[in-house]
Amino acid sequence: MTTLSDPPKEQFRLSMLLYDTRYRSGTIQVIALIGFMLLAAWLINNTAQNLAELGKPIDFGFFSEPASYDINQRLLDYDSRDTHLRAALIGLLNTLVVAVLGCATATVIGVVVGVLRLSHNWIVGRLMTVYVEMFRNVPVLLWIVFIMAILIETLPAPSAFRGEDPAASMLLSDSVAFTNRGVYIPEPLFSRSLGDIHLLGEASLRFDVSVNLIAILAVLIGGIWVSNIIKRRADRIQESTGVRPTTWYLRLGVILVPLAILLAALGVHFGYPALKGFNFQGGTHLRNSLIALWLALSLYTAAFIAEIVRAGIMAISKGQTEAASALGLRQNRIMSLVILPQALRVIVPPLISQYLNLTKNSSLAIAVGYMDITGTLGGITMNQTGRELECVLLLMLVYLVISLSISAVMNWYNESVKLKER
Amino acid sequence: MKKSVFLGALTVAGLTAGAAVAGTMDDVKARGKLNCGVTTGLVGFAAPDANGEWKGFDVSVCRAVAAAVLGDQNAVEFVPTTGKTRFTALASGEIDLLARNTTWTFSRDVDLKFEFVGVNYYDGQGFMVPKGLGVSSAKELDGATVCIQTGTTTELNLADFFRSNNISYEPVPIETNAEAQQQYLAGACDVYTTDASGLAATRATFEAPGDHVLLPEIISKEPLGPLVRHGDNEWGDVVRWSLNALIAAEEYGITSANIEELAKGTNNPEINRMLGTEGTLGEMLGLDAEWAKRAIAANGNYAEIFAKNIGEDTPVGLARGLNAQWTNGGLLYAPPFR
């Protein structure tokens, strides 16, 4: 009879870190990590020391000093006595405005162009190819400057609207003016306004929220919610009886009627731009810098998105289209019900990086004097205070946070459209 | 994100390099070339001519320093800088000297850690408008659109001026003088504001300079001068006294025409000390005896440089005004060479 005993417990020896393949890769990674951290520490230490020697230690105190410069496009109240922090906030909002406008426009143009590029119509297909190749093969900075130059050189100055026989005139029954300083459009005004909510009192980050806007949004969302309930009810009836009740007027009504009542209650009317003094006054002023940046970024990014959309559509096998048409679906129904939902799985991940690119490219704004965060915090503030490192670090942090937020939202959307394996 | 990490590393590397430079004079001598920061192009002050050679009032300061230190007024590498990039370029050591109509202010001198070595042009901020606008005073500019170079003191003065006069304006920030000119001429802004000398220089390049007027208001003091990094006093002294030599040369009547004659020795000990026939001023600076002679011979004395680049006989057409010698009622006053 033999007795079985456990194999002797292996003692851990230091040399095993190097010679035992189970530990070796771990050892190498730890050493590499330590090396990297030493390098980073050396860089940071070196920078801090040099800054201290220069007499410019890292200090964010300048943020509470008055900025002393003016910003033309401001979504919140701001004047030159406000702090650098507030100037940075105004710049940040300007960045977000152009990023959101740009992403939305680029998506619309990109999807349309991507689908049209696959068109069987030879001229339409080739035209779209020309557009895509032209825009994505020229640096976006050139497009920005080019569009700005066109706006400045071709549109009339406000003074051309003056006089008995003006060289230029306003469009759409004197409500819209295209000038080389920007486009002036009517603005909605409320004669029985609900006022603003002032958040954060007098702080640099104070924020005014219009109650009118909140009310309008709430009514709109409520209307859409009720409309969805009606839709689901129609779906149920269709499933049980096979006949779909006509609901479009009901669904439209629950959105529009409360909105119209609210707008009437608020006394909404339009403020029209009018030539007064040197410029048009009143109305909303879309500056050329915003328009040039918005257009250039949208058109440039749309060219990439078009290619992504085309690739996504082409990735869906032809059998899907043929099966759908065998079922008797029409062309546009095939596209919206069969092809696009599947193509989205391919389209969304690269689309995220295009959104990120557009947002980061918006930092070229200073080329046309658009006051985004690079222009305020990373431009004038940095220049006037001489705090290069602090400003650049903060600027990087801001872009990092914006980019990661876009990624997070888009990844969540991607989860919802990707193939659900059951 | 890769890009921004890279940029951050560059910034760090730039700062590291900046602090590593201590003996600028030794560096310049070893390099055999002076890196001089100038504007991206302002006729009369610093702009390349038809042959691509940099010419102008500020350029002459660079050339005088190069002549004094290296013995060759052409041993200069001109680095065009914008209002925004100039200080980083100087602080990081990319340039040895910034001669770019830069206003001497407290915070730039003290907080930004630069050393203004003197004033080569006493200026003030002015406004230029098209004649057709019918404006005769800056106080009538309520609601006007104003083109302004970003990253300058003029930007701050402008905000203060409109604020204190309780009138509004729309700023259009612009990177370089050339872009400002384009926007102003296209009518995208009503007014262009910068230093009065810069306005005169810009107007000189217009097709019809007569159609534009400078408004009478001068809303600020803008002493413009060359600057170097703080903390390298030997180099600061060299630049300071090269500039002073040009100013003093006018006062004592040393011109590019008579300098060879005067360098043989004169009855005026001050001239002799400057030109190196007496005393050891050059040695004290760490240069040879003829440093000032070369600096003056390069482009002439202050008056000659002024007249050739921006004086009344040039298209820029600036009068000496505050920039006359103290003996003529101006502010130019070089300390004694002793």
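Where chain B meets chain A, 46 residues of chain B are in contact with 47 residues of chain A. Keep in mind, as you look around, that this is a predicted model. Between them, the two chains bury about 3,800 Å², and 55% of that area lies on carbon and sulfur atoms.

What kinds of pairings are found across this boundary? Five salt bridges are counted between chain B and chain A. One you can look up joins the side chains of R181(A) and D190(B), with a nitrogen-to-oxygen distance of 2.5 Å. There are also 13 residue pairs in polar contact between the two chains, counting pairs with both residues at pLDDT 80 or more.

Let us now stay on the chain B side of this boundary. The elements of chain B that each give two or more residues to it are the helices α1 (2-20), α4 (86-91), α6 (153-164) and α7 (177-185), together with the strands β9 (144-149) and β10 (169-174). Which of these gives the largest share? That is α1(B), with eight residues. Sorted by class, the residues on this side of chain B come to 20 nonpolar, 14 polar and 12 charged.

For a close-up of the boundary, find N383(A), which sits in helix α11 of chain A, residues 373-385. Is N383(A) buried or exposed? Its relative accessible area is 8%, under the 20% cut-off, so N383(A) counts as buried. Leaving aside residues up to four places away in sequence, N383(A) touches G83(B), K84(B), F87(B), L112(B) and G151(B). One of these neighbours, F87(B), falls within the residue range of α4 in chain B. The side chain of N383(A) also reaches the backbone oxygen of G83(B), at 3.3 Å.

Now turn to the inside of chain B. This chain is divided into domain 1, made of residues 18-122 and 224-328, and domain 2, which covers 125-220. The C-alpha centres of these two domains of chain B lie 29 Å apart. Where the domains touch, domain 1 supplies 19 residues and domain 2 supplies 16.

How much area do domain 1 and domain 2 of chain B bury between them? The figure is about 1,200 Å², with 61% of it on carbon and sulfur atoms. The count of salt bridges between these domains is zero, and one residue pair is in polar contact, with both residues at pLDDT 80 or more. On the domain 1 side of this contact there are eight nonpolar, seven polar and four charged residues.

To finish, here are two spots in the backbone of chain B. Most residues other than glycine have a negative phi. Against that background, K113(B) has a positive phi of about 65 degrees, although it is not a glycine. You will find K113(B) in the loop between α5 (106-110) and β6 (114-116) of chain B. With 21% relative accessibility, K113(B) lies between the 20% and 50% cut-offs, so it counts as partly exposed.

The second spot is N166(B), also not a glycine, with a positive phi of about 60 degrees. N166(B) belongs to the loop between α6 and β10 of chain B. Why does N166(B) count as exposed? Its relative accessibility is 70%, and exposed means over 50%. The two elements that flank this loop, α6 and β10, are among those that give two or more residues to the side of chain B that touches chain A.

Key: Residues are numbered from 1 along each chain as its sequence is written. Chains are lettered from A and ligands numbered from 1 in the order in which they are written. Side-chain values use heavy atoms; hydrogens and water are left out. Contact means heavy atoms within 4.5 Å. Buried area is the accessible area (1.4 Å probe) that two parts lose on being put together, summed over both. A salt bridge is a side-chain nitrogen of Lys or Arg within 4 Å of a carboxyl oxygen of Asp or Glu. A polar contact is a pair of N or O atoms within 3.5 Å; within protein, one must be able to donate a hydrogen and the other to accept it, and residues adjacent in sequence count only if both atoms are side-chain atoms. Helices (H or I, at least four residues) and strands (E, at least two) are DSSP runs, numbered from the N terminus. Ala, Val, Leu, Ile, Met, Phe, Trp, Tyr, Cys and Pro count as nonpolar, Asp, Glu, Lys and Arg as charged, and the others, Gly among them, as polar. Domain bounds come from an automatic or database domain assignment. Buried means under 20% relative accessible area, exposed over 50%, partly exposed in between (1.4 Å probe, protein chains only).
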